[in-house]
Amino acid sequence: MTTSTEKSFFDLHITGLGYLNRIREVKPKKGDPFLACDIAALNGPSDDVSYVRFDTRVSGTDAQHLIRRCIDAVEAEKKVMIGFRLGDLWTDTFTYSKGKRAGEQGVSLKARLLFVSWIKVDGVLKYKAEPKPAESEQDAAEQSAAPAPAPQEEPASEVSEPVAEPADEAADAQAPALAESF
């Protein structure tokens, strides 16, 4: 008799689109440094948009690579919009130290940035994740004859190519760890 002590989890993901801001390396007093960014997510009717700000920790090597490529564009104050998926949402309370709200309590929405589905810089598409192939009955039959690929943590882990010039694609293929900008 085998007893399983593996924990199971229920995932709550947030998908949307928004503007990328404040890309930075965070160096906590305890623990390892990590990449973080803010996302001003669009919400509401398209003729009266409101924004919800998320302070995110970038998780996964593909997401980190893509966000690092956006640093120069964000610092140049270009409009960098992304399609995203967030997980592990939580709130953090703080006290304003400056400005007209000094001394007041505030709330920050925090989450992990899990996946970037596309990136546009000043309205020009620079990256789009390859969609998962649709499984039909014929596809399932063909796949059963071929060896199954290893399961992946993130849907776009094999994708790190921008939709851009061929020179950029060749550079990505040769050195995926490089974080060149758009």
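How many aromatic pairs does a search of the whole structure find? The search finds two. The model is a predicted one. The exercises below work through its fold, its core and its ring contacts.

**Exercise 1. Describe the overall fold of the protein chain.**

Step 1. Take the secondary structure. The chain has four helices and six strands.

Step 2. Put these elements in order. Along the sequence they read β-β-β-α-α-β-β-β-α-α.

Step 3. Look at burial. Of the 182 residues, 29% count as buried.

Step 4. Look at the surface. The accessible area is about 12,800 Å². Carbon and sulfur atoms hold 52% of that area.

Step 5. Look at the range of the contacts. Among contacts with a separation of 6 or more, 57% join residues 24 or more positions apart.

**Exercise 2. Find the largest nonpolar core and say which elements build it.**

Step 1. Start from the general rule. In soluble globular proteins, nonpolar side chains tend to be buried together.

Step 2. Count the members. The largest nonpolar core has 27 residues. L20, I23, I39, I67, V80, L113 and I119 touch the most other members.

Step 3. Assign the core to elements. Two or more residues come from each of β1 (13-26), β2 (34-43), β3 (50-58), α1 (61-69), α2 (71-75), β4 (80-95) and β5 (105-121). Strand β5 gives the most, with seven residues.

Step 4. Zoom in on one member. Residues up to four places away in sequence are not counted here. I23 then touches L35, A36, C37, I67, C70, I71 and V74.

**Exercise 3. Classify each aromatic pair by its geometry.**

Step 1. Choose the two values to read. A pair of aromatic rings is described by the distance of the centres and the angle of the planes.

Step 2. Take Y19 and Y51. Their ring centres are 6.4 Å apart and their planes meet at 50°, so this pair is tilted.

Step 3. Place that pair in the chain. Y19 belongs to strand β1 and Y51 to strand β3. The two are 32 residues apart, and the pair links distant parts of the chain.

Step 4. Check the accessibility of Y19. Its relative value is 25%, so Y19 counts as partly exposed.

Step 5. Take F94 and Y96. Their centres are 5.0 Å apart, with 70° between the planes. This pair is edge-to-face.

Step 6. Check both partners. F94 has 30% relative accessibility and so counts as partly exposed. Y96 has 27%, so Y96 is partly exposed too.

**Exercise 4. Locate the charged side chains that sit over rings.**

Step 1. Look at F34. R57 lies over the face of this ring, 4.0 Å from the ring centre.

Step 2. Look at W118. The charged end of K120 sits over the ring of W118, at 5.6 Å from its centre.

**Exercise 5. Decide whether S108 and V52 are buried or partly exposed, and list their contacts.**

Step 1. Place S108. It is in strand β5. Its relative accessibility is 7%, so S108 counts as buried.

Step 2. List its partners, leaving aside neighbours within four places in sequence. S108 is in contact with R53, D55, W90, T91, D92 and F94.

Step 3. Place V52. It is in strand β3. Its relative accessible area is 26%, so V52 is partly exposed.

Step 4. List its partners, with the same sequence neighbours left aside. V52 is in contact with I39, A40, A41, N43 and L109.

Step 5. Add a backbone distance. V52 and L42 are 10 residues apart in sequence and 6.6 Å apart from C-alpha to C-alpha.

Key: Residues numbered from 1 in each chain as written. Predicted model: local features only at pLDDT ≥ 70, side-chain atom pairs only at ≥ 80, totals over all residues. Heavy atoms only, no water. Core = buried A, V, L, I, M, F, W, Y, C linked by side-chain atoms within 4.5 Å. Buried < 20%, exposed > 50% of the residue type's maximum accessible area, 1.4 Å probe, protein only. Contact = heavy atoms within 4.5 Å. Phe/Tyr/Trp six-rings, centres within 6.5 Å; stacked < 30°, edge-to-face > 60°. Lys NZ or Arg CZ within 6 Å of the ring centre and 35° of its normal. Areas by Shrake-Rupley, 256 points an atom, 1.4 Å probe, with all protein chains shown as cover.
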